[in-house]
Amino acid sequence: MSLREQISADLKTAMKAKEMDRVAQIRGITARIKDLDVAARANGKEVGDEDILPMLRSMIKSRTESATMYREGGRPELAEKEEAEIETIKTYLPPEMDEATLNAEIDAAIAEAGATSMKEMGKVMGVLKAKFGSALDMGRVNPVVKARLS
């Protein structure tokens, strides 16, 4: 089942269960997917899971920033709403690698690329992108690769 189909099925389930908060959260996700569809249609492309995953990660990032600002501004109820949306979005992302596995994969990619300095960081990131595609959060990988190469 594709990610798009899973989201649609979850929306129907939430609607039947009358979980209005979850319905609103999933509708927000589907609206962003439709935005991707419109942008891709202009270029004559199809939107697949490899395009949806980075969009979901960006949604999490923006909601995390919003939750932090709400907490600092003394609005914990709004921060909790954002955090609930983050948890819903995370259900559609592949499970993250643990630190040991991530470090091992980064070391293997550095060895495969033959990288020895920061100038070759792009090669390492390219190896990781080719191996894992959009399943790997490059925002999480980037600082680790930088630390290893510097």
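Of the 150 residues of the protein, 35% count as buried, where buried means under 20% relative accessible area, exposed over 50% and partly exposed in between (1.4 Å probe, protein chains only). The model is predicted: local features need pLDDT of at least 70, side-chain atom pairs count only at pLDDT 80 or more, and totals for chains, interfaces and linings use all residues. Residues are numbered from 1 along each chain as its sequence is written, and side-chain values use heavy atoms, with hydrogens and water left out.

The protein has seven helices and zero strands; these are DSSP runs numbered from the N terminus (helices H or I, at least four residues; strands E, at least two). Its C-alpha trace spans about 55 × 45 × 30 Å along the principal axes.

The largest nonpolar core (buried Ala, Val, Leu, Ile, Met, Phe, Trp, Tyr and Cys joined through side-chain atoms within 4.5 Å) has 20 residues, and Leu-3, Ile-7, Ile-29, Ile-52, Leu-56 and Tyr-92 have the most contacts inside it. Each helix in the table, like α3, supplies at least two residues of this core.

| Helix | Residues |
|---|---|
| α1 | 3-16 |
| α2 | 20-43 |
| α4 | 76-90 |

Helix α3 gives the most to this core, with six residues.

Helix α3 (residues 49-72) also gives the most to the negative patch, with three residues. Glu-5, Asp-49, Glu-50 and Asp-51 form this surface patch; patch residues have over 30% relative accessible area and no salt bridge (Lys or Arg side-chain nitrogen within 4 Å of an Asp or Glu carboxyl oxygen), and like charges are joined within 9 Å. Asp-51 lies in helix α3 and is partly exposed, because its relative accessible area is 32%.

Conventions:
Patch = residues over 30% accessible without salt bridge, like charges linked within 9 Å, V, L, I, M, F, W, Y side chains within 5 Å. Areas by Shrake-Rupley, 256 points an atom, 1.4 Å probe, with all protein chains shown as cover. Lys, Arg positive; Asp, Glu negative; His and termini not counted. Charge placed at Lys NZ, Arg CZ, Asp CG, Glu CD.
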